[in-house]
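Work through the exercises below with the model open. Try each task before reading its solution.

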Amino acid sequence: MTASFIRSDDFAAFVTAIIEAGPVYGPVAKRSRFAFARLETPEELRLDYDVSILPPKKLFFPPAQDLLQFDEAGFRAPLEPTEKVLLGVHFYDVKAIDQTDLLFSERNYDINYMAHRETTTIVAANIQTVSSRAFFASVGADVQPKGHDAFLTAIAGGYVLETLTERGGALLKFGAFQPATDAQLKEAAAVNAAVLEQCPEKLEHGTEAIAAKVRAAFKNEAMWTAMAADCFSCGTCNTVCPTCYCFDVHDTWNVDQTSGQRTRYWDGCLTEDFAKCSLGEGACENFREERATRFRHRMMRKATYLNEKLGGPACVGCGRCSAGCTADIADPVRIINQIMAS
Amino acid sequence: MNHQCHWTEVENIFLPREATIVRSVQATPTETHFTLKMTDGQPIEYEPGQIVELSLFGYGEIPIGIASSPTRKNTFDLVVRSVGRVSGAVTALEKGQSVYVRGPLGRGFDLTKLRGQDVLIVAGGIGLCPTRSLIQYILDRRDEFKRFVLFYGAREPGLQLFTDDLTMWRTARDVEYCETVDKGDPSWSGNVGVITTLFPQVELTPETRAVICGPPIFYRFVIRELDMIGIPRENVFADLERRMKCGVGKCGHCQINDKYVCVDGPVFSFADVQGLEEAF
Amino acid sequence: MSKPKVAFFDFTCCEGCQIEFTNYGDAAFLELINHVDVVEFREAMSEKTTEPIDIAFVEGSFSREADRARLESIRERAAIVIAYGQCSAGGGINALKNHQTDYRQYVYGEDAEQPHLDSQKAQPISAAIKVDYSAYGCPVNKYEVLQIVFHLLHGKEPVIPNYPVCVECKRRETVCRFDEGDHCMGMVARAGCTAPCPAYGVPCEACRGFVDHPNVPALEKVLVERAGFSQKRAAEKALMFTAIDLEATS
């Protein structure tokens, strides 16, 4: 691990150099919000973004991905990952990527995610603007971000780049980096510590206490029904979540009627048909028919079910679900604090 | 990242293998019994109770419990109920045509917990299909097990599956076979009533290991009978069904609380799932 | 195997959905007609048929009793009837008049009393005949229509989403209309269109109707609280493409 410094004046040249070397994805403005997109120029890069609409997981787990393609000659996986740099990931999203890395690689290694992931150099960046619904400081606070290759922090006059892996170190040759001074490192640490004080929302309890009480609230059907009264089952809280990874799979034919593809699409457990099975003769069994049961399932997933496997909650406090929910009922802070107070 | 880069060296779990239909029998008006052979000649290695993802390109994939025992070499059986897009297309296929399979997937029956024991299998409806893998296994290695009792309930006589097997089991000496139908017809002289009406017909000890598989409603009633016999719930094994999709513990559709039926199951010890509110 | 015979018919509509069928571009359209035999389609050909049909695409709402016999004859001749477009699938924009009394004067002025303008309530064609599948939308999503056709060519039931437009907006990372101070009905609108409107800064009007179980009270609440609608406007907002759905579910 090394710590380097690059002057603000030299930063654009660094970004230009890595763009010239291969695809670079970073936060860019999208109307009034931000999104991760392939950078064409360093000017597009908006390291002052608050939160992206979709988390960067879309680069490894795209909204639609062909698992295989078939034709009369046979079938094959169309997987062709390319080396790329993902620049400017906030630490909460680093934590989320670390979770999906585990979930896609454990037990059955999912090459369709992992191939894209393993060909990505992740450069995290400090949070310059805190989003309106963030609570990253108080959720899973003892889980450290890991899995990234470098961490970039904006300080006075430039950026500190801490490289953590070989991949991260390989970036140094693209810019006018010099060793960071102790004072610069100290300033970077202070910047990253200060942002933790700025979250507008806060969980009031620790991970284990929350997990136990949320789990125990499972049978409080009246509470879940009341909480989900305005739920549209639109799945936005799932779709924008950096730790959600459910999907559905459909086969389709091409116009020639002999070739086609098997494609997976993001799915969400809030949508009505998520747990619905066909029994034949038009009959169905929906294992989570009521809105409230789907709403509850999501909270169980985020606060308790995966904790043992992940070493913390399956929530990183990005606030995307809270902000994205048009009915404003998805906010984990409000839900959990209400359960904890009950 | 934290682990080695090895996507180039790992098998793609979503790519299926081709299998050829060597036998196809219309078992009931909606169910077809297929016998399949891997086209490349390499049989799949599986345990009783495991599942495969069965697919047809363009139609999609469905999870199906293997309905034959690994003791019967080279081929394996699947019973497909025509209820949707994939199953509808598969059941229209004939001998000699190809399907695609991934697997085996999931956890089957833990034979170490059944060997040397009295075994009771209670199968309701299509629940006879995945349990048939175990029934055949026990019959093929009969001396590894003690007493073997099999209960089978179907809605009506015409919906009974594996009728050749049933004929054999009715007179076999190595299985105590009891059957019932919910609703009889003039051809039926056997027991009429729900599956639980079979329990008084056989004396069972609390040391018996029980394997149960049936429609969602079935478990609640069967477990009550097993409780009355005094069989501890850790010795009861339930083969569960949910909307399995990917079969490899990723897509999320088959979850029962925090369990993924496709990788944590489909066979569970009843003790492990009885506390799950979404299980029964 | 002979190619399935496909025919198009229209009732109360603008025929825009049929025009969509001609918009695939030459190459795709020519490939498509290798697989289907279009036997009646007045947007593109003059032939008509009285023969049996494999797939009948029926555009337009059922708004005159006089049309019933023609619908029934299509049903008799067609193996599969597809309600093609929102007028046919859900009543469509024609159903706006179901909530008005003075529309004839408003639209036709002094000609309002002409007898051929006589019509009843606008309803989906399912009010007159059995419909096998629906291609929703105003207009239809021509790519979804292609998938419906491809599925049927292989004897597979078409996949029509029962999740809302929000899912498709998020998949393409569209900025939510509510985040820009606007309104939207994407939370309850049936997806399948790939959400083009919000992507271009236009609210979703639910032109494909609603999902199977829309949370309409919550929709009205959100339109009032977040988009600043009056209660009346919020209640009326849903009527343009979904009036029939609401009657059915209320």
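**Exercise 1. The contact of chains A and B**

How many residues does the contact take from chain B, and how many from chain A?

Solution. Start with the ground rules. This is a predicted model; local features need pLDDT of at least 70, side-chain atom pairs count only at pLDDT 80 or more, and totals for chains, interfaces and linings use all residues. Residues are numbered from 1 along each chain as its sequence is written, while chains are lettered from A and ligands numbered from 1 in the order in which they are written.

Step 1: apply the contact rule. Two residues are in contact if their C-beta atoms, placed from the backbone, lie within 7 Å.
Step 2: count. Chain B gives 36 residues and chain A gives 43 residues.
Step 3: sort by class. Ala, Val, Leu, Ile, Met, Phe, Trp, Tyr, Cys and Pro count as nonpolar, Asp, Glu, Lys and Arg as charged, and the others, Gly among them, as polar. The side of chain B that touches chain A then has 15 nonpolar, twelve polar and nine charged residues.

**Exercise 2. The contact of chains B and C**

Find how many residues each chain gives, then class the side of chain C.

Solution. Step 1: the contact takes four residues from chain C and four residues from chain B.
Step 2: the side of chain C that touches chain B has no nonpolar, two polar and two charged residues.

**Exercise 3. The open sheet of chain C**

Give the strand order, then place the helices on the sheet.

Solution. Step 1: check confidence. Chain C averages a pLDDT (the predictor's confidence in each residue, from 0 to 100) of 91. In chain C, 96% of the residues score at least 70.
Step 2: read the order. Helices (H or I, at least four residues) and strands (E, at least two) are DSSP runs, numbered from the N terminus. Two strands pair if DSSP finds at least two bridges between them. Five strands of chain C form an open sheet, E2-E1-E3-E4-E5, with parallel pairing.
Step 3: find the edges. Strand E2 (37–40) and strand E5 (133–135) of chain C each pair on one side only.
Step 4: add the helices. Axes are lines fitted to C-alpha atoms, for helices over the stretch in contact, and angles run from 0 to 180 degrees between N-to-C directions. Helix H3 (residues 68–77) of chain C packs on the sheet and touches E1, E3 and E4 of chain C. The direction of H3 makes about 130° with that of E4(C). Helix H6 (residues 142–153) of chain C touches E3, E4 and E5 of chain C, and its direction makes about 155° with that of E5(C).
Step 5: check one pairing. Three bridges join E1 to E2 in chain C. Lys5(C) stands opposite Asp37(C) in E2(C).

**Exercise 4. A hairpin in chain A**

Why is strand E11 of chain A described as largely enclosed?

Solution. Step 1: count buried residues (20 or more other C-beta atoms within 10 Å of the residue's own; exposed means 12 or fewer, partly exposed in between; C-beta atoms are placed from the backbone). Five of the seven residues of E11(A) (residues 247–253) are buried, so the rest of the structure largely encloses this strand.
Step 2: trace the partner. Seven bridges join E11(A) to strand E12 (residues 260–266) of chain A, running antiparallel. His250(A) has Thr263(A) as its bridge partner.
Step 3: inspect the turn. Six residues lie between the strands, and Gln257(A) takes a positive phi near 70° in this hairpin.
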